[in-house]
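User: Could you take me through how the parts of this model touch one another, explaining each term as it comes up?

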Amino acid sequence: MSNKVTLGVSVAVLATMAAAAIFAPVLAPFPPNEMVHTPFDAPGVGGVLGADGLGRDMLSRILYATRYTFVATLIATTLACMLGVSLAIIAGLSKGWIDIVIGRAVDILMSIPQIILALIILAIAGVSLTTLILTMAVLQSSTYYRVTRPIAGDLAAMEYVEVGRLRGERLHWYLFKEILPNMVPSLLAQFGLGLSSAALFISSLSFLGIGIQPPAADLGGLVRENALALSTGRLTPLIPAFCIALFCLSVNGIVDWLVGRFSDKPDVK
Amino acid sequence: MSGNRILSIDNLRVETRTGVLLDDVSIHVDRGEVLGIIGESGAGKSTLALSSIMLFKAGCRPTAGSITLGGQSLMGLGTAELETIRRTKASYVAQSAAASFNPFYRLEDQVTEIPAMAQKLTATQRRRMAIELFEELQLPDPENFGRRYPHQVSGGQLQRAMIAMALINQPDLIIFDEPTTALDVTTQIEVLRLIKKVASTHNCGALYISHDLAVVSQMADRIVVMRNGKMVEQGPTRQLVDNPQTDYARRLVAHQGDGSYATANGSDKTLLDVRNVDVGYGGVAAVKDASIKLGSGSVLALVGESGSGKTTLARSIAGLQPARQGEIRMRDNLLTPLVERRSFDQRRLVQYIHQLPDLALNPRQTIRDVIGRPLSYFHRLRGASAEQRLRELMEAIELPAAYLDRYPASLSGGQKQRVCIARSLAAKPDILICDEITSALDPLVEESIIKLLTRLIKDEGLSILFITHNLGLALRFSHTTAVMQAGRIVEHGDTRAVFEQPQSDYTRSLIQAVPQLREGWLDGFSANAA
Amino acid sequence: MVLFANSPVKSFVVARVASGLVSIFFISFLVFVGTSMLPGDAANALLGQNATPETVLALRTELGLDQPLPVRYFHWLGNALHGDFGTSLSNSQPVINLLVPRLINSLILAFSAAAIVLPLAVGIGLLAAINRGKAIDTVTGSISAIFLSMPSFLIGYLLVFIFAVKLGLFPPLSMVRSSASLPTWISALTLPVLTLVLVAQAHVMKLTRAAVLGVMSSDYILMAETKGIPRNRIILKHALPNALSPIVSICMITMAYLIVDVVVIEAVFNYPGMGKLMVDAVAYRDIPMVLACGVLFSTIFISLNLAADLLAMLVNPRQRLPRKGN
């Protein structure tokens with residue numbers, strides 16, 4: 001029962017955040033990059049959430065930042081998932097040297113701390129939204145590979161797949177009829193976890209100043225810009241960080257529900 | 001009650017939040033007596049066994065009745081008191097010795113844990129206690145056996161070590177919970193003989209739980225038959241075996257067979273001819289120089305203990321594990337070693353059924369998808385003609401057509417295996433390869449599957465290669481039998497001839513080791529073997 | 001050692017060390033190739049915009065940049081093995097001189113956090129597992145779920161807000177010099193260490209709980225119950241030793257992550273560690289510095305993961321000893 005409540009709240013929170021991201025241009029009371037208030041205006045004085053150190057409207061900036069964080073997170077996670085799952089299925093079905101090469105490459109990728117590798121890649125390739133998303137996708141794909149590869153291997157060794165082999169079925173049959181349908185629950189759960197870890201990761205990079213570049217800012221970038229204002233005794237500089245936490249909590253709430261639902265046997269008709 | 005009564009359980013009821021596990025069960029055990037408990041999976045045997053020491057799985061609790069062990073009522077006792085009773089009055093021998101020993105400690109330390117807790121013992125004293133028991137249980141090198149860790153000894157030895165552990169506190173009651181189910185028949189015999197000896201020399205009472213009536217009949221003085229948490233029948237062993245009162249018990253006894261052979265109805269024509277086949281993984285040969293023949297319309301049983309190579313041979317015939325040497329012919333057509341290279345018709349004519357239907361059915365496909373695929377793949381059946389054939393197949397496996405829209409998860413084990421059979425039939429094969437297809441099923445379900453196969457041989461003109469470790473089943477069901485040992489065929493011929501005049505010593509020892517209902521079989525075996 | 005003779009440990013150690021070395025070798029090579037594909041190279045960077053083509057060419061020859069890539073890589077690798085990581089582009093000092101004091105600062109931070117969080121979180125995880133489903137399990141589970149969803153800089157700034165801004169107990173920034181006195185060090189370290197502790201405790205607690213629960217559902221625990229062994233003894237003598245192997249592994253891996261987590265925490269507190277150094281180097285595109293920091297971070301991370309595997313193996317007799325007795 002309490003699981004259902006968590007699910008409802010999580011969906012509501014995510015829907016609100018998604019709406020804020022999509023309709024940011026309509027909802028934002030001011031242009032995000034223009035100095036419309038006096039710097040460090042208190043909430044209520046200059047805008048609902050006050051102003052930042054340059055006099056820009058905090059609420060407007062947060063709405064736009066949510067947009068950046070959402071887009072970057074979604075695209076990076078989707079790409080990572082597609083890349084990791086494809087590699088895992090190829091490795092699981094082909095066996096032999098292809099499997100070994102992919103496996104070793106992923107091992108190496110995973111043995112290097114992700115944030116360090118991201119810093120190196122961004123240092124080499126330069127910081128831009130595209131490189132950020134691509135870097136994230138490649139780094140996080142190893143997680144999907146690691147989750148999917150044993151499932152793909154187990155499924156390929158499942159006796160019902162062997163029955164297909166005895167019959168002489170072709171690759172697309174295994175993939176779409178036997179393997180993928182059985183992977184969906186664990187993939188969905190992993191995708192959810194991936195979303196929250198990607199959001200945390202992108203925010204951390206932006207917080208370090210090597211994510212989305214000013215004057216644009218995602219939620220992590222906003223914390224970086226406004227952290228010094230903490231000394232004024234206001235918590236408003238941390239609102240973007242709370243948004244990230246709320247996003248991750250909600251996604252995890254949905255994942256918990258999914259895992260609980262699919263750990264039972266599939267539905268009986 | 002007499003002073004000899006060790007355990008009495010009266011009107012016991014055990015419930016979970018959602019259902020009843022045991023309902024109105026009453027049993028008793030006297031000193032020097034073995035009470036057998038028999039039943040299929042889910043009958044409540046293990047719950048009953050553990051309840052005699054007031055141990056219940058999470059979420060289960062006794063809601064009525066009484067349990068008295070060694071004159072002391074256990075209901076309502078505190079945790080500490082119960083622990084003392086378990087340490088001093090009873091012992092438990094579990095099915096899987098490999099999982100029941102703690103991997104972290106040496107065997108002697110685990111065997112002597114209870115006495116070492118009760119009083120200060122030196123390492124030498126502990127070791128001496130253990131060695132004494134290891135000697136009694138005829139373990140190899142008893143002086144050093146206890147120095148080993150569980151993963152360093154074989155399954156049969158571990159099982160004996162667990163019996164040693166059960167004896168260390170000189171209990172009044174020993175609970176044997178399927179102690180030989182995980183063992184091969186020849187190993188089983190040794191352990192059974194030891195248990196029997198131990199139970200009589202130590203003058204305690206014992207509960208012996210098994211799903212195998214023949215085994216229980218050899219071990220127990222009295223037998224309780226359980227089903228769905230209720231007692232179906234109880235009585236002295238001979239009375240229950242010779243003159244069962246309830247229908248269920250009668251079927252259990254009948255399942256053991258009356259020693260009669262299946263009547264051959266096939267022609268002499270050879271359908272499948274396997275000659276000098278070698279199969280191996282890397283440098284290891286799992287099957288060496290194996291030759292077998294399957295006659296048209298007949299059943300060939302391929303028997304042997306685990307690891308003998310019977311499944312590997314069957315898989316090489318199916319083309320899943322290519323033979324390195326030798327040839328496989330079906331009606332004078334040479335079958336290529338690898339299934340991917342075989343022709344459309346060759347793939348259709350040989351069908352393979354796996355041991356575990358749970359793994360052989362995709363959980364996300366309905367029964368209609370499962371059986372329908374070979375129809376469309378091999379016979380291009382679509383629409384109404386496919387639907388017609390689907391219904392015929394469901395009828396053939398004796399399941400309602402409404403089940404077509406169900407998922408495997410909502411079917412019982414036996415029903416799932418029937419679906420696997422229907423999937424094979426859908427291809428219209430000549431040969432069915434059945435790999436231990438009944439070994440995961442309860443005895444009576446096994447019986448119904450065998451009946452179904454017997455009918456299909458007649459109706460569909462099938463020939464069956466039947467792989468099994470169960471010799472009794474081979475005797476009842478097959479027309480010819482091949483025996484495998486360590487990758488080789490050591491015996492091959494008419495089933496009656498194989499069982500009545502076995503040519504190899506190995507076959508003879510296998511046949512002797514099959515538990516029988518006959519009185520004194522185990523004791524006679526001991527005399528013969530010694 | 002007798003313990004190791006004829007055991008699978010030796011071949012395992014060799015294989016794991018080899019694969020760890022391959023990973024480090026791979027990342028250094030990757031980075032090296034990547035940097036060499038950059039439009040401008042070190043010669044341009046050092047000389048700046050007004051350099052004539054001649055001076056650039058001369059410097060390129062001097063730096064060995066006209067050599068083929070593999071030659072340059074092995075040259076760099078050979079030097080790196082002797083502690084020579086080249087010259088910082090932004091600072092003109094040898095990389096190694098800038099790196100060592102920062103590395104020490106980072107290690108102080110990470111190890112202080114580990115010393116607190118490992119016993120604490122393992123203890124809480126144990127408590128949660130033993131009291132599964134009870135209040136303490138639910139409460140610790142919910143708290144760790146919240147911390148797992150927070151970006152680490154949020155935890156850091158919340159601590160700053162409470163303990164530095166509102167209560168004034170500790171400095172909001174931790175820009176210490178190595179010459180600072182011990183009390184200064186402690187007060188500077190408290191908030192960053194506390195942040196790392198909060199970041200890591202949720203992971204360690206969750207993993208420990210899962211490891212212990214896995215062991216508690218084993219058949220040998222049921223066996224111990226049938227033998228009438230008291231519950232405390234079952235947990236201490238039968239469950240814990242078997243959970244030791246995964247817990248040791250969890251601890252080492254946590255150490256590895258702590259050393260990497262310092263990157264963000266150091267930025268929050270402006271703490272002069274290697275993480276801050278690397279982030280600044282990335283911002284300035286000081287490639288030799290980025291390369292050195294990256295390889296060093298990776299080496300520490302990989303070594304700790306390797307140690308995790310080895311220790312976990314040593315405390316498990318099933319892996320330590322061969323199947324057949326002697």
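Analyst: A salt bridge is a side-chain nitrogen of Lys or Arg within 4 Å of a carboxyl oxygen of Asp or Glu. This is a predicted model, in which local features need pLDDT of at least 70 and side-chain atom pairs count only at pLDDT 80 or more, while totals for chains, interfaces and linings use all residues. Residues are numbered from 1 along each chain as its sequence is written, chains are lettered from A and ligands numbered from 1 in the order in which they are written, and side-chain values use heavy atoms, with hydrogens and water left out.

User: Which residue of chain C forms a salt bridge with B:Glu113?

Analyst: Between chain C and chain B the count is 2 salt bridges. In the one formed by B:Glu113, the closest N and O atoms are 3.1 Å apart, and the partner is C:Lys227.

User: How much area do chain C and chain B bury between them?

Analyst: Buried area is the accessible area (1.4 Å probe) that two parts lose on being put together, summed over both. The contact, meaning heavy atoms within 4.5 Å, takes 25 residues from chain C and 25 residues from chain B. Of the area buried between these two chains, 59% lies on carbon and sulfur atoms, and the total is about 2,500 Å².

User: How many salt bridges does the rule find across the interface of domain 1 and domain 3 of chain B?

Analyst: The domain bounds, which come from an automatic or database domain assignment, give domain 1 as 1-89 + 173-256 and domain 3 as 270-527 in chain B. Domain 1 and domain 3 of chain B bury about 2,100 Å² between them, yet the number of salt bridges found across their interface is 0.
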